Amino acid sequence: MPPSCMATTRPACSGSSATPRTRPGCCCRPCPARPMTARATCPASPPPCASADARDCDPIHPAWSGQAATAFPDNWTVGVAFFHNVFAREHNAFVEAFRRQAAATPDADSGLRDPAAPDAMIRYAEVSDEELFQAARLVVSAMIAKIHTIEWTTQLLYDEPLYRGMNANWKGLFHEHGLVEEALARVLDRLRASDDDRHANAWYSVLAAGPGIFGLGSERYANASVFSSLGGKRQDLWSLANPDHVNGGTNHFGSPFNFPEEFVTVYRLHPLVPDLLELRDLADPDRIHAKVPALEGFRAGASDLLRQEGLADWALSMGRQRLGLLTLGNHGRFLQNLAMGHLGSETGRLDIAALDIIRDRERGVPRFNEFRRQYGLRQMTSFDDFIDTTLPADHPERQHQETMAARMREIYGQHVCDADKVISHAYRDANGDYPDDCLGHPDGTLVDNVEDLDTVVGWLAEPVRPHGYAISETQFVVFILNASRRLFSDRFFTSSFRPEFYTRLGHDWVMNNGPDGVIMEDGAPNGHHQPVSPMKRVLQRTVPALATELDPVVNVFDPWARDRGTYYSLDWTPRPGAEADESFTP
């Protein structure tokens, strides 16, 4: 059975000669090898049926009928379908590269090891289909983590401190300064053994930026820190037979890994999704050929749109279109009236913007002001705090903020405050006092019910953001803690990032963003000589028709036709060669 996998609609590969052995986590039924072309997406096939009378059924999940049989059926969109197909192709690209290597050097060491016989070499020719399939899953997972860490986040938060910070998460802040990295690694050893959990955890998370989080503990040698990088001619003593070596690089900071409700709350990014998708064609990339309602790309419609236009044209279309602004009043209309007939509700429809608020209330997420206090952030004292008074009175953005403040006051109301009523023990002011009901206003005066403001509404209303930030201050604080934690807590991103699990080819693939070694980007974008980014390399491999379009792109999460200009410029101007792009027409 081939270890490659394609995201397909059911039924997949009828008549396949592949053996029917189950593969854990596979996204499809076993399929024979298919050529990968720029426009190949989901194969067209009617919904599977148990009988001639069941034309709308799916044997696994009825909600999957007519769409890809993977993920959450309710949330399947053309964007999600696009990425599933791209990373299924990346999985296959690794499998094919491994098989080419195995054919060329069948007796060479693959790097893979069996925990039951950790010292026995596994040759390329001995790697089973199942082992190769699981190694490919690890490679793709690590590539996605790398893309999220050093590419998506650095564009979402587009400034120099975040660029350095997120790259430090991955490869270390001092990766070019061995002595400093070694010293910090020894400090981390001591913090990990400390009995003072509170201070040790805080300093550990900060100082791990020295050697980097990714690969922490994946190399061991005598008389050196657990977190040192292998250097010089020292012998790596890491052993698959030693559980402390396998798991010793992780740090859960006193709690089993989870994504807390606070992280779910600040990741409610629905205003990013536009109502209309601007469809383009690679043959004429500057022109918007059609505007497709995003609703048409939901569920089964997603597979239909991918088949009709192909992966390359959808990559171009999404790559050049700007996202929506994360602000109040900017949710897509289609998300406020989304068909959900299977829920059995009276209307059969769902308002996603309202659902975001309801979910936070049901799950006990604190309201906005208390949420900020518990994270050590400044509290608001009235709805007028959401107005940026540094802007001129006639500035459109300030006028929008004033409108939103008035609307929040109308919805959440006001009350006569009581200064004797303490409302929180999460925060003390400079005098050591807890906040009271008046929040600094005179006792007995009419004040805004700012304490009732829902968290999602609050961070969407925040008026001031650092340069280049698409998200608010509140979101950023929660986001950055969890972005690091998911690396710290995963042994496959720390002490088990080894050829014993990934294979030699897989380990190098993740480190170099692909099989061809490190490829450097032209010039020095924002002053950095940097490798071609991992997602750009993935798209170049999996959708080769994009080669010309991607060539001038530095970060694929920045609109592809935008001129990045000088140092962290936010100007909306076309790059050379894209002056005719209709997105830049006033």
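These legends go with a set of close-up views of a predicted model.

**View 1. The whole chain, before we zoom in.** The protein chain folds into 16 helices and 6 strands. Of its 586 residues, 49% are buried. Take the contacts between residues at least 6 apart in sequence: 65% of them join residues at least 24 apart. About 27,700 Å² of the chain is exposed, and carbon and sulfur atoms supply 54% of that area.

**View 2. The disulfide of Cys417 and Cys438.** The model has 1 disulfide, and here it is: the sulfur atoms of Cys417 and Cys438 sit 2.1 Å apart. That distance counts as a disulfide because the cut-off is 2.5 Å. The link is right-handed, with 95 degrees about the S-S bond. Both partners are in the loop between β5 (414-416) and β6 (446-448), 21 residues apart. Are these cysteines buried or exposed? Cys417 is buried at 3% relative accessible area, and Cys438 is buried too, at 1%.

**View 3. Trp170 against Phe214.** This is one of the 25 aromatic pairs in the structure. The ring centres of Trp170 and Phe214 are 3.8 Å apart and their planes meet at 20 degrees, so this one is stacked. Trp170 belongs to helix α3 (residues 160-171), while Phe214 is in the loop between α5 (197-207) and α6 (243-247), so the pair ties together parts 44 residues apart in sequence. Both rings are tucked away: Trp170 is buried with 6% relative accessibility, and Phe214 is buried with 8%. Zoom out a little and ring pairs join Trp170 and Phe214 with Phe493, Phe497 and Tyr502 in a cluster.

**View 4. Trp238 meets Phe501.** Here the ring centres lie 6.4 Å apart and the planes are at 85 degrees, so Trp238 and Phe501 make an edge-to-face pair. Trp238 comes from the loop between α5 and α6 and Phe501 from helix α14 (residues 499-512), so far along the chain that 263 residues separate them. Both Trp238 and Phe501 are buried.

**View 5. His245 and its neighbours.** His245 is part of helix α6 and is buried, with a relative accessible area of 12%. What does His245 touch, if residues up to four places away in sequence are not counted? The list is Gly217, Arg220, Leu237, Trp238, Ser239 and Ser495. So Trp238 from the previous view turns up again here as a contact of His245.

**View 6. Arg322 over Trp572.** In this view a charged side chain meets a ring: Arg322 lies over the face of Trp572, 3.9 Å from the ring centre.

**View 7. Inside the largest nonpolar core.** This core holds 70 residues, and Tyr502, Val510 and Leu539 have the most contacts inside it. Elements giving it two or more residues include α1 (78-104), α2 (129-156), β1 (276-279) and α14. Helix α1 gives the largest share, 11 residues. Which residues are in contact with Val510, leaving aside its neighbours within four places in sequence? They are Val139, Ala142, Met143, Lys146, Trp170, Phe214, Phe497 and Tyr502. Trp170 and Phe214, the stacked pair from View 3, are both among those contacts of Val510.

**View 8. A second nonpolar core.** A separate core of 35 residues has Phe386, Ile387, Met404 and Ala483 among its members.

Conventions: Residues numbered from 1 in each chain as written. Predicted model: local features only at pLDDT ≥ 70, side-chain atom pairs only at ≥ 80, totals over all residues. Heavy atoms only, no water. Helix = DSSP H or I, 4+ residues; strand = E, 2+ residues; numbered from the N terminus. Buried < 20%, exposed > 50% of the residue type's maximum accessible area, 1.4 Å probe, protein only. Contact = heavy atoms within 4.5 Å. Areas by Shrake-Rupley, 256 points an atom, 1.4 Å probe, with all protein chains shown as cover. Phe/Tyr/Trp six-rings, centres within 6.5 Å; stacked < 30°, edge-to-face > 60°. Lys NZ or Arg CZ within 6 Å of the ring centre and 35° of its normal. Core = buried A, V, L, I, M, F, W, Y, C linked by side-chain atoms within 4.5 Å.
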